Amino acid sequence: MDPEPVASVTARVFFALWPDEAVRQELARAGKLLHGACGGRITRQENLHLTLAFLGDVQRNRLHPLRDAAATVRAPGHVLPVERLGWFRRNRVAWAGPIRTPAETLELVDRLEAALRQARFRFDARPFEAHITLVRKALCGE
């Protein structure tokens, strides 16, 4: 008899904005065009999102405090324009995003990061660059 799988004690966690279906379809089309030019691995349409904060592996017993911390975050509603395509050479990521990140998006990220810090959660604290990954392992412009 096979042993039952043991539930993981951690969960991979990130906070993100998820585009609606129509936007995801357009992003998927752009991803196919980029893939044709750059190769790599296309992000599946249902996984297209804009990451606000990446925490990585979090102990499952800390997920409720994490949700509580995130629930305190408030920011004004706004539109995030997706108006250009780009490429992060070092990470080999082809992406779509705004020409300039709206102040409201930056404010949302700042408030989320402050709530995470206050609740003593670690996260990837690199400077925020609004982008939606369309293709990984891309070789654009090489």
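The exercises below walk through a predicted model of one protein chain, each with a worked solution. Residues are numbered from 1 along each chain as its sequence is written, and side-chain values use heavy atoms, with hydrogens and water left out. Because the model is predicted, local features need pLDDT of at least 70 and side-chain atom pairs count only at pLDDT 80 or more, while totals for chains, interfaces and linings use all residues.

**Exercise 1. The chain as a whole**

Task: State how many helices and strands the protein chain has, and in which order they run.

Solution: Start with the count, where helices (H or I, at least four residues) and strands (E, at least two) are DSSP runs numbered from the N terminus. The protein chain has three helices and six strands, and from the N terminus on the elements run β-α-β-β-α-β-β-α-β. The C-alpha trace spans about 50 × 45 × 30 Å along its principal axes. Of the 142 residues, 36% count as buried, where buried means under 20% relative accessible area, exposed over 50%, and partly exposed in between (1.4 Å probe, protein chains only).

**Exercise 2. The sheet and the helix on it**

Task: Work out which strands stand at the edges of the open sheet, and which helix packs on the sheet.

Solution: First read the order of this four-stranded open sheet, which is S2-S6-S5-S4 with antiparallel pairing; two strands pair if DSSP finds at least two bridges between them. Strand S2 (41-42) and strand S4 (84-88) are the edge strands, and each has a single partner strand, so one side of each is left without a neighbour in the sheet. Helix H1 (residues 21-38) packs on the sheet, touching S2, S4, S5 and strand S6 (132-136), and its direction makes about 35° with that of S6. Here contact means heavy atoms within 4.5 Å, and axes are lines fitted to C-alpha atoms, for helices over the stretch in contact, with angles from 0 to 180 degrees between N-to-C directions.

Next, follow the pairing of S4 with strand S5 (residues 93-97), which is antiparallel over five bridges. Tryptophan 87 has alanine 94 in S5 as its bridge partner, and phenylalanine 88 stands opposite valine 93 in S5. The hairpin of S4 and S5 has four residues between the strands, and there arginine 92 takes a positive phi near 55°.

**Exercise 3. Two buried residues**

Task: Describe the surroundings of arginine 24 and of isoleucine 132.

Solution: Arginine 24 has its place in helix H1 and counts as buried at 16% relative accessibility. Its side chain reaches the backbone oxygen of proline 19 at 2.4 Å, and the arginine 24 side chain also makes a polar contact with the side chain of glutamate 21 (2.4 Å). A polar contact is a pair of N or O atoms within 3.5 Å; within protein, one must be able to donate a hydrogen and the other to accept it, and residues adjacent in sequence count only if both atoms are side-chain atoms. Not counting residues up to four places away in sequence, arginine 24 touches Pro19, Gln45, Glu46 and Leu48.

Isoleucine 132, in strand S6, is buried with a relative accessible area of 4%. Leaving out residues up to four places away in sequence, isoleucine 132 touches residues including Leu27, Val82 and Trp95. Isoleucine 132 and glycine 97 are 35 residues apart in sequence, yet 6.1 Å apart in space, C-alpha to C-alpha.
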